[in-house]
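The following exercises concern a predicted model. Each one sets a task and then works through it step by step.

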Amino acid sequence: MARHGGAHGIAVEITERIKARDLALPPIHYRDRVDKSSGKLRRLGIESAMQQCMNYVAVYALMPMLKAKVGPFQCASIPERGQVYGKKVLEKWIRKDPKGTKYYDKMDVRHCFESIGHRTIRKLLGRDIRKNPTLTWFVLALIGTYEEGLSIGSFLSQWLCNYVISYAYHFATERLYKTRRGKRQNLVTHILVFMDDIIIFAASKHNAKAAGKALEEYMLTQLGLHIKPNHNLKQTAKEPPDMMGYVVSKECTTIRARTFVRARRALLRAWRRMVAGLPIYLQNARRLVSYRGYFKHTNSRNIARALHLKEVHRAARKVISKFSKGANENGNKSILHRTPGQYQVYEPALG
């Protein structure tokens, strides 16, 4: 593939392919996978190593433009802007600006990645980086390898999704307003975007309704994105926003009910196995470790103590550590991906 060794050789190879206007990439393989958290069937694209490297080249070449376009309250796939960042932003708005967050409308884009058309990306890139035709060709050539829309699991697709949605973000913050007594009044007081989930806040029911309708129409006509019809207007005090796995109210922050039920079930099962001297399997250990963040960043201290979160989390980390050390010593990291029935680690009952 590359005629030189190491990263420099790959860089030279990519440069030569771009100059020749021929990326010469093998077809992307697709695999259907059910998302355990939501139950949705997702079609994941498995790209070659060279295409993954090209994705990083494209994103970092686009980065100056992306930083200028992507809004400060767009989360997901952006460094230091994950679920916890979004949660803290919601807490600040709801608790420090109760008048401005009296009503909200939470929207979800239907099949966001698949619905973002290549024509839409071509139009936006032609507007924003028209002075760099080589980069425009490179990005369009990469997304031209996708089956339809953007490919789930691609580093480039994540950033392009945020880029396209940023137009809706700026439309809501800059163009949704009304003039009253000669003064401008914004319909949207706050907006937060978590990949394809959008929540807008307004000071009045009328403003929230008008803003939601205008934003939905703009995304359909200008970006070709459909908002799911199940979104509706809600009052923050009566129905606190449920987003990114958290429910944020004026008084406290709790875990989303569906997520809490799964976490509680997993913790109780793990604790019972520990008491009985039975193993915690690797797959379960990873899941248990991932749940800790939800309890850590919410008002869940008492329930965490009742579920023995600290003890279970410590045991789960030991399991993962042992697998990692064993894989490194054997020089075979595939051991980390074996199913629970094939490989297990026994832990002492209570340490």
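**Exercise 1. Cysteines**

Determine how far the sulfur of Cys112 is from the closest cysteine sulfur, and decide whether the two are bonded.

*Solution.* Step 1: the closest cysteine sulfur to that of Cys112 belongs to Cys161, at 3.6 Å. Step 2: a disulfide requires the two sulfur atoms to lie within 2.5 Å, so the separation of 3.6 Å is too far for a bond. Step 3: by this rule, the count of disulfides is zero. Step 4: for the surroundings, Cys112 has a relative accessible area of 3% and is buried, whereas Cys53, with 29%, is partly exposed.

**Exercise 2. The five-stranded sheet**

State the strand order of the open sheet of five strands and identify its edges.

*Solution.* Step 1: the order is 3-7-8-4-9, and the pairing is mixed. Step 2: the edges are strand 3 (74–75) and strand 9 (233–235); each has a single partner strand, so one side of each lacks a neighbour in the sheet. Step 3: strand 9 runs antiparallel to strand 4 (residues 103–108), and three bridges join them. Step 4: within this pairing, Asp105 has Leu233 of strand 9 as its bridge partner. Step 5: helix 8 (residues 205–223) lies across strand 4, strand 8 (197–202) and strand 9, and runs at about 150° to strand 8.

**Exercise 3. The three-stranded sheet**

Describe the open sheet of three strands and find the helix that packs on it.

*Solution.* Step 1: the strands follow the order 10-11-12 with antiparallel pairing. Step 2: strand 10 (242–243) and strand 12 (253–255) are the edge strands, each pairing on one side only. Step 3: strand 10 is joined to strand 11 (residues 246–248) by two bridges, and Met243 has Tyr246 of strand 11 as its bridge partner. Step 4: the helix is helix 3 (residues 83–96), which touches strand 10, strand 11 and strand 12; its direction makes about 15° with that of strand 11.

**Exercise 4. The nonpolar core**

Which residues of the largest nonpolar core touch the most other members?

*Solution.* Step 1: this core holds 97 residues, and Leu62 and Met219 touch the most other members. Step 2: helix 7 (residues 155–174) supplies the largest share of the core, 12 residues. Step 3: leaving aside residues up to four places away in sequence, Met219 touches Val109, Ile165, Ala168, Ile198, Gly224, Leu225 and Ile227. Step 4: as general background, nonpolar side chains in soluble globular proteins tend to be buried together.

Conventions
Residues numbered from 1 in each chain as written. Predicted model: local features only at pLDDT ≥ 70, side-chain atom pairs only at ≥ 80, totals over all residues. Heavy atoms only, no water. Core = buried A, V, L, I, M, F, W, Y, C linked by side-chain atoms within 4.5 Å. Buried < 20%, exposed > 50% of the residue type's maximum accessible area, 1.4 Å probe, protein only. Helix = DSSP H or I, 4+ residues; strand = E, 2+ residues; numbered from the N terminus. Contact = heavy atoms within 4.5 Å. Pairing = 2+ DSSP bridges. Axes fitted to C-alpha atoms, helices over the stretch in contact; angles between N-to-C directions.
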